[in-house]
Structures are given as structure tokens and as C-alpha cells.
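This report describes selected local features of the structure shown below. Loop residues are treated before the pocket, the surface patch and a helix.

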Amino acid sequence: MKITTKGQVTIPQHLRRKLGLFPGTEVRFEEADGCAVIRPAMTRRELIEQRIRSVTGIAGPGPSTDEIMRLTRGED
């Protein structure tokens, strides 16, 4: 694997999946014992919570339970 002239590298897909590095994931670089280390900027739990917050409420309030029961029973 080579670093581009812009300092970019491609993280192999199996590592991205294993580490939860998805498009848009913020990362940080660290140096440890002479090695470059890449880590998610957030913990896995924080990342999951952020994703849940980002989709919460998207579907809207929807019908009530009573309305759904009337529809499924064919009641008008």
C-alpha cells in the first residue's frame, strides 16, 4: 500500500468493517512506539448512539395503536 502525494491511504475494507469505520466516521491519528495508530474519534458506543440519534423520529408520529388495530381488523 502506498501513501499518495496528498498523504492519503486506503484502509482495507475488512479493517473498516471490523473497526466500524464507515464513510463520514471521524478518526484521529496517534503515535505509539514509533507506529502510526488510527482510531475512531468516538468510542464504538458513542458512534452507535450518534447513529441512533441521527435516525430517531424520521418516520414521524404515525397512527396510534387503536388506529392500526381498526385498519387491520377492517373496522371503519
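Asp-33 sits in the loop between β1 and β2. The model is a predicted one, and in it Asp-33 has a positive phi of about 55° although it is not a glycine. Its relative accessibility is 80%, which is over the 50% cut-off, so Asp-33 counts as exposed.

A second loop, between α1 and β1, holds Gly-20. Here the relative accessibility is 2%, and because buried means under 20%, Gly-20 counts as buried. Gly-20 is 23 residues from Thr-43 in sequence, while the C-alpha to C-alpha separation of Gly-20 and Thr-43 in space is 9.9 Å.

The accessibilities of three residues discussed in this report, with their places, are set out here.

| Residue | Place | Relative accessibility | Class |
|---|---|---|---|
| Met-1 | segment before α1 (13-19) | 74% | exposed |
| Gly-20 | loop between α1 and β1 | 2% | buried |
| Asp-33 | loop between β1 and β2 | 80% | exposed |

**The largest pocket**

Rolling a probe the size of a water molecule over the atoms shows where empty space is left. The largest pocket encloses about 370 Å³ of space. Its lining comprises 15 residues, of which Val-9, Thr-10, Ile-11, Phe-29 and Ile-38 are the closest to the centre. Three elements give two or more residues to this lining, namely α1, β1 (27-32) and β2 (35-40). The most is given by β2, with three residues.

What is the make-up by class of the lining of the largest pocket? There are 12 nonpolar and three polar residues in the lining, and no charged residues.

**The nonpolar surface patch**

Val-9, listed above among the residues closest to the pocket centre, also belongs to a nonpolar surface patch, which it makes together with Met-1 and Ile-3. The area of this patch is about 370 Å². Met-1 itself lies in the segment before α1 (13-19), and Met-1 counts as exposed because its relative accessibility of 74% is over 50%.

**Helix α3**

Why does helix α3 lie largely in the open? Helix α3 has nine residues, 65-73, and the number of them that is buried is zero, so the helix lies largely in the open. Gly-74 follows α3 and has a positive phi, near 80°. A positive phi was also noted for Asp-33, which is not a glycine.

Key: Residues numbered from 1 in each chain as written. Predicted model: local features only at pLDDT ≥ 70, side-chain atom pairs only at ≥ 80, totals over all residues. Heavy atoms only, no water. Patch = residues over 30% accessible without salt bridge, like charges linked within 9 Å, V, L, I, M, F, W, Y side chains within 5 Å. Areas by Shrake-Rupley, 256 points an atom, 1.4 Å probe, with all protein chains shown as cover. Salt bridge = Lys/Arg side-chain N within 4 Å of Asp/Glu carboxyl O. Helix = DSSP H or I, 4+ residues; strand = E, 2+ residues; numbered from the N terminus. Buried < 20%, exposed > 50% of the residue type's maximum accessible area, 1.4 Å probe, protein only. 1 Å grid on protein atoms, 1.4 Å probe; cavity = no way out; pocket = protein on both sides within 12 Å on 5 of 7 lines; lining within 4 Å. Points joined across faces, edges and corners; volume = space filled by probe spheres on them. Nonpolar A, V, L, I, M, F, W, Y, C, P; charged D, E, K, R; others polar.
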